[in-house]
Amino acid sequence: MAPQTRRTSSFPKVIIEKDSDSEQSSSEEEEEEPEPEPEEEEEEEEEEEVSERENGKEVEETLDTKRKGKSPICISLKKVCKVCKKAGHEAGFKGATYIDCPMKPCFLCKMPGHTTMTCPHRVATEFGVIPASHRNARNPLTYVFERQLRPNKSRIKPAYVIPDQVSCAVIRYHSRRVTSLEFHPTNNNILLSGDKIVYGNIHWSILNNMRFNPVNDGTVYAASSDGTVSCTDLETGISSSVLDVNPDGWQGPTNFRMLYGMDIHKERGVVLVADNFGYLYLVDIRSNSKTGEKILIHKKGSKVVGLHCNPVQPDLLLSCGNDHFARIWDMRRIEANSSLYELAHKRVVNSAYFSPLSGSKIVTTSQDNRLRVWDSIFGNLDSPSREIVHSHDFNRHLTPFRAEWDPKDPSESLVVVGRYISENYNGAALHPIDFIDISTGQLVAEVMDPNITTISPVNKLHPRDDVLASGSSRSLFIWWPKDKCEPAEQKDEGKIIVCGKAEKKRGSGKFGDDSDDSDGDTFSSKGKNSKSKKSNFKSSKSTQKKFRR
């Protein structure tokens, strides 16, 4: 037999590109260097000839590979900026320090001329903010409002009480990131939390909003991205769907409706909910069924992410959405293009709320890193009273940041909001939760814990106690003022519950080592303090009862 030769397929050539350390940084340095001697020039000429021959061989090899149908594989190791996609520099977070892209303006205030680290708004949040006037307004409507609706308001601004220490926590309680928090209206020890995928048979997609029934606080309504509004009994855990805007099921991404903004009109007894196409729906609480027709309240095709009824006059509805507007409506004659005022913004509006006690102020959170404040709805609403620069412009895979009022503050000037850009605290990159005085723009307090390294976009202040609940990634944290917390050496370890695979990492002491959108970690029933896979509302209720003080 003739000897058989083994055919070896030629692999394509691999070309590695990387930054050369020998490259000179500027033309000036080239001029400053001394001229080479003749011998060195001859050596360089010989090297150039050799390199030309090698380059010729490389060109021939690449041509041969192209003829054979195999193009060379190029692997680039050059530094490429993640912001502008250009080579030669880097940008973004490097450890706990943020490096700016020289081709882009300041990431915080969006203005050129300085970096994010040296931004004056980063040094002082009140920079450029005009404080609220302390003089009595001469507007007759404001005078009547002050005399009749707020006669018990203190003329002296009380001191703020800031919950700044973690009292208890549930680590990795949710399988996905926390999207909504709501305190019980009458029971101080119950907190409800919703996430991207709710356990049980309630919803199969993101839970965007929750509201308690004003008549029966044992039931809660929830709006989800699956296009349904659910009504859940907290005692039994039984849930029923009261609205489904996709009766025919999935008809493609261009036709599928998701529900985002939600609130309850207490006097009319209706649930208000809005979708991602700009429409408003009404659900009757008594019959738990849809009433009336849908109403276009924002630009058609835009997402309506927030709804809020005025606490004093519920017929005043405040909405906000992705069309860069927040709008005020009169529920007695609401229809398309009938808004009372349009509050323009430069980018998407994440939230808009009336003040909790008087309903006379408005605070909005926009994606342009601005908190906008209107001091009086009876005044000029063409432009905000002040704009406060704050870091909350985020990428996807995060719950939107929302600045929320402190419901206990009689001066209606304190809001709480999470921060996106991290700060370097002893070498650790932490994302504080900010308490801001919107009347002056000053940063009242920034609360943080060295063990919480994830971002906390969802924050809720207790309506009666000095308590803050925050949702950071999949975990829940309860904050109390330091003077009301137990000393560290006397703190009960049972107040920190670790769920799922995070239980293995408990010895490290870090609470923020998980990813917001990882699908690998499921809820585990191991251990004494773990809960079973029941309805998420029921689980939240039982867990918070265990932590009451």
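This briefing walks through a sheet, a hairpin, two cores and one annotated repeat. The model is a predicted one. A good place to start is the open sheet of four strands, ordered E8-E9-E10-E11.

**The open sheet**
- Pairing in the sheet E8-E9-E10-E11 is antiparallel.
- Strand E8 (207–212) and strand E11 (239–244) are at the edges with a single partner strand each, so one side of each has no neighbour in the sheet.
- On average, neighbouring strands of this sheet are turned by 25° against each other, direction ignored.
- Strand E10 (residues 228–233) runs antiparallel to E11, and five bridges join the two.
- Thr 228 has Asp 244 of E11 opposite it.

**The hairpin of E12 and E13**
- Strand E12 (residues 259–265) is mostly covered, with seven of its seven residues buried.
- E12 is joined by five bridges to strand E13 (residues 270–275), and the two run antiparallel.
- Ile 264 has Val 271 in E13 as its bridge partner.
- Four residues lie between the strands of this hairpin, and Gly 269 takes a positive phi near 70°.

**Nonpolar cores**
- The largest nonpolar core has 18 residues, of which Ile 388, Phe 401 and Tyr 420 touch the most other members.
- Strand E22 (370–374) and strand E25 (414–418) are the elements that give two or more residues to this core.
- A second, separate core has 17 residues, among them Ala 223, Leu 259, Val 273 and Tyr 281.

**The annotated repeat**
- An unreviewed UniProt entry carries the annotation "repeat: WD" for residues 342–375.
- Across residues 342–375 the chain is 56% strand and 0% helix, with the end C-alpha atoms 16 Å apart.

Conventions
Residues are numbered from 1 along each chain as its sequence is written. This is a predicted model: local features need pLDDT of at least 70, side-chain atom pairs count only at pLDDT 80 or more; totals for chains, interfaces and linings use all residues. Side-chain values use heavy atoms; hydrogens and water are left out. UniProt positions are given in the numbering used here, feature names are shortened, and annotations may be inferred rather than shown by experiment. A nonpolar core is a set of buried Ala, Val, Leu, Ile, Met, Phe, Trp, Tyr and Cys residues joined through side-chain atoms within 4.5 Å. Buried means under 20% relative accessible area, exposed over 50%, partly exposed in between (1.4 Å probe, protein chains only). Two strands pair if DSSP finds at least two bridges between them. Axes are lines fitted to C-alpha atoms, for helices over the stretch in contact, and angles run from 0 to 180 degrees between N-to-C directions.
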